[in-house]
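Subject: Structure handover

Hello,

Here is the structure for you to take over. Please open it first; my notes follow below.

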Amino acid sequence: LGCPSLERITIPLKDGMITYVSIFQGCKNLKHVDLVEGEQLRDTIDALLLEEWRNDMKDKLGVINQILPTTPAGNIYSREDVGGKAQTVQLWISSVLSTIVRYKAQHRSLLNEAATALQLASPNDVVLENVLPFLKLPSYTFEGED
């Protein structure tokens, strides 16, 4: 019954991964979540233009491991008391996904504005070959991006 020895999970950063609110019922020791895409996400975060965005994303990534240890696990002998760990992870995934998608879109928008301004002030080949490659984000696409 339950999963009393489960302390850590690794899951994809994908909405809908956790479909049952009772999936972690009784998993009182579940305290840590890792993401399959952790390295790609960290690379993307490090490449964001604004420090404010980078800090916000790093905070969002770490918050789950601060909240989960104190989130109720529910009672394995009660159908009504499913605890809140599954819902907490679901909400965290949605928050991380929507935020990284928004910041990537804003990054691209700022990059396009800067590229346009640079192209007006500098020869086009200088901008395309020497500036833009250093400002691009990693090519990984997260769920919810166009």
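Of the 146 residues in the protein chain, 34% are buried. Please keep in mind that this is a predicted model. The chain has four helices and two strands. Along the sequence they run β-β-α-α-α-α. Contacts reach far: of those with a separation of 6 or more, 72% are between residues 24 or more positions apart.

**Core**

The largest nonpolar core holds 28 residues. Which of them touch the most other members? They are Ile11, Leu13, Val33, Leu41, Val89, Trp92 and Ile100. Five elements give two or more residues each to this core: β1, β2, α1, α2 and α3. Helix α3 has the largest share, with nine residues.

Valine 33 is a useful place to start looking. Beyond the residues up to four places away in sequence, valine 33 touches Ile9, Ile11, Ile64, Asn65, Leu68, Val89 and Trp92. Among these, Ile11, Val89 and Trp92 are also on the list of core residues that touch the most other members.

**Disulfide**

The whole structure has one disulfide. It joins cysteine 3 to cysteine 27, with an S to S distance of 1.4 Å. Cysteine 3 lies in the segment before β1, and cysteine 27 lies in the loop between β1 and β2, so the bond ties together parts 24 residues apart in sequence. Both cysteines, 3 and 27, are buried. Please look at that S to S value of 1.4 Å yourself.

**Around glutamine 25**

Glutamine 25 sits in the loop between β1 and β2. Is glutamine 25 buried or exposed? Its relative accessibility is 15%, so it counts as buried, the limit being under 20%. Leaving aside neighbours within four places in sequence, glutamine 25 is in contact with Gly2, Cys3, Ala73, Gly74, Asn75, Ile76, Ser78, Asp81 and Val82. One of these contacts, Cys3, is a partner in the disulfide.

Glycine 2 is another of these contacts. It is found in the segment before β1. Glycine 2 is partly exposed, with a relative accessible area of 45%. Glycine 2 and glutamine 25 are 23 residues apart in sequence, and their C-alpha atoms are 6.1 Å apart. Not counting residues up to four places away, glycine 2 touches Gln25 and Ile76. Ile76 is also in contact with glutamine 25.

**Salt bridges**

Side chains of opposite charge can pair when their charged atoms come close. How many salt bridges are there? The count is two.

- Arginine 8 pairs with aspartate 34, and the closest N and O atoms are 2.6 Å apart. Arginine 8 is in strand β1 (residues 8-11) and aspartate 34 is in strand β2 (residues 32-35), 26 residues apart. Both ends are partly exposed: arginine 8 has a relative accessible area of 49%, and aspartate 34 has 24%.
- Aspartate 46 pairs with lysine 58, and the closest N and O atoms are 3.8 Å apart. Aspartate 46 is in helix α1 (residues 38-47) and lysine 58 is in helix α2 (residues 51-67), twelve residues apart. Lysine 58 is partly exposed, at 45% relative accessibility. The 3.8 Å distance falls within the 4 Å limit, so the pair counts.

**Aromatic rings**

There is one aromatic pair. The ring centres of tryptophan 53 and tyrosine 103 are 5.3 Å apart, and their planes are at 15°. Why is the pair called stacked? Planes under 30 degrees apart count as stacked, and these are at 15°. Tryptophan 53 is in helix α2 and tyrosine 103 is in helix α3 (residues 85-121), 50 residues apart. Tryptophan 53 and tyrosine 103 are both buried.

Tyrosine 103 has a charge over its ring as well. The charged end of arginine 102 sits there, 4.9 Å from the ring centre.

**Leucine 91**

One last residue to look at is in helix α3: leucine 91. Leucine 91 counts as exposed, at 56% relative accessibility. Leucine 91 and aspartate 15 are 76 residues apart in sequence, yet 9.0 Å apart in space, C-alpha to C-alpha.

Over to you.

Best regards

Methods
Residues numbered from 1 in each chain as written. Predicted model: local features only at pLDDT ≥ 70, side-chain atom pairs only at ≥ 80, totals over all residues. Heavy atoms only, no water. Salt bridge = Lys/Arg side-chain N within 4 Å of Asp/Glu carboxyl O. Buried < 20%, exposed > 50% of the residue type's maximum accessible area, 1.4 Å probe, protein only. Phe/Tyr/Trp six-rings, centres within 6.5 Å; stacked < 30°, edge-to-face > 60°. Lys NZ or Arg CZ within 6 Å of the ring centre and 35° of its normal. Contact = heavy atoms within 4.5 Å. Core = buried A, V, L, I, M, F, W, Y, C linked by side-chain atoms within 4.5 Å. Disulfide = S-S within 2.5 Å.
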